[in-house]
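Okay, everyone, thanks for coming. Let me pull up the model, and then we'll walk through its empty spaces.

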Amino acid sequence: MDVTQLAQQLGGAAKTKRVDQDTLLFRRGDRTRNMYGLLSGSARLLRYTVDGAPITLHRAKPGGFFAEASLFASAYHCDGEASAGSVVVVFPKAAVLAIMAQDASFAHAFCQHMARQVQGLRSNLELRGIRSAEERIMAALSLKLGDGESRVALPGTWKDFAEDVGLTHEALYRALKRLEDIGRLRRDGSAVWINGVD
């Protein structure tokens with residue numbers, strides 16, 4: 001289940017929106033009306049500290065959903081914003097809930113998608129508990145390998161990867177350099193080869 005499949009399933013109820021400038025899609029406390037999907041660009045869910053500093057709770061990737069919790073909540077629990085140049089699909093909450101109630105195979109596929117997302121979030125929490133930047137990077141890359149593989153192609157940028165694993169991009173680049181220097185990995189753009197993987 002991805003954004004395009006759900007848009008096709010909902011037909012005219014789903015609306016595609018091109019974001020020309022950084023746009024706030026909803027605010028924390030607003031009544032929930034929509035769930036969202038991202039076709040291209042970037043979007044994120046944010047909360048703010050008491051000092052007003054933003055905390056990214058989730059960064060949506062192209063093809064993925066965000067604000068799924070809105071389906072079962074009366075108000076949004078955070079702010080949602082899309083970056084300039086992004087293409088967002090707006091899924092009315094009522095339409096998604098109606099199709100879930102009417103189509104068991106759709107509900108099953110949607111639940112499978114959400115279960116995979118929960119698995120990914122749990123892995124991410126475990127990664128963030130690894131104190132060493134080098135070991136955190138190696139663990140994160142290892143989780144992306146299939147059986148018998150030694151090459152990882154990152155879906156986004158290294159800066160995105162740094163945020164995903166809870167490192168500043170400066171700390172990430174220093175740790176990557178150390179890992180390359182000792183021969184644990186080799187990089188070429190967004191492709192990484194893990195040494196010592198059989």
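Quick bit of vocabulary before we start: I'm counting Ala, Val, Leu, Ile, Met, Phe, Trp, Tyr, Cys and Pro as nonpolar, Asp, Glu, Lys and Arg as charged, and the others, Gly among them, as polar. And keep in mind that this is a predicted model.

With that, take the second largest pocket, with about 300 Å³ of space. Its lining comes out as seven nonpolar, three polar and one charged residues. Helix H3 gives the largest share, four residues, and strand E5 supplies at least two. Among the lining residues you'll find Leu45, Ala67, Glu68, Ala69 and His77.

Hang on to those names. Leu45, Ala67, Glu68, Ala69 and His77 also line the largest cavity, which has a volume of about 60 Å³. That lining splits into eight nonpolar, three polar and one charged residues.

Now the largest pocket, at about 1200 Å³. There are 38 lining residues, and the closest to the centre are His58, Arg59, Lys61, Asn124 and Asp164. Which element brings the largest share of this lining? H3 does, with eleven residues. E5, helix H4 and helix H5 each put in at least two as well. By class, we get 14 nonpolar, 14 polar and ten charged.

Since H3 keeps turning up, one last stop: its packing with helix H2. Their axes come within 5 Å and cross at roughly 115 degrees. Val96, Ile99, Met100 and Gln102 on the H2 side meet Ala104, Phe106, Ala107 and Phe110 on the H3 side. That contact has seven nonpolar residues, one polar and no charged.

Okay, over to you folks.

Definitions and conventions: Residues numbered from 1 in each chain as written. Predicted model: local features only at pLDDT ≥ 70, side-chain atom pairs only at ≥ 80, totals over all residues. Heavy atoms only, no water. Axes fitted to C-alpha atoms, helices over the stretch in contact; angles between N-to-C directions. Contact = heavy atoms within 4.5 Å. 1 Å grid on protein atoms, 1.4 Å probe; cavity = no way out; pocket = protein on both sides within 12 Å on 5 of 7 lines; lining within 4 Å. Points joined across faces, edges and corners; volume = space filled by probe spheres on them.
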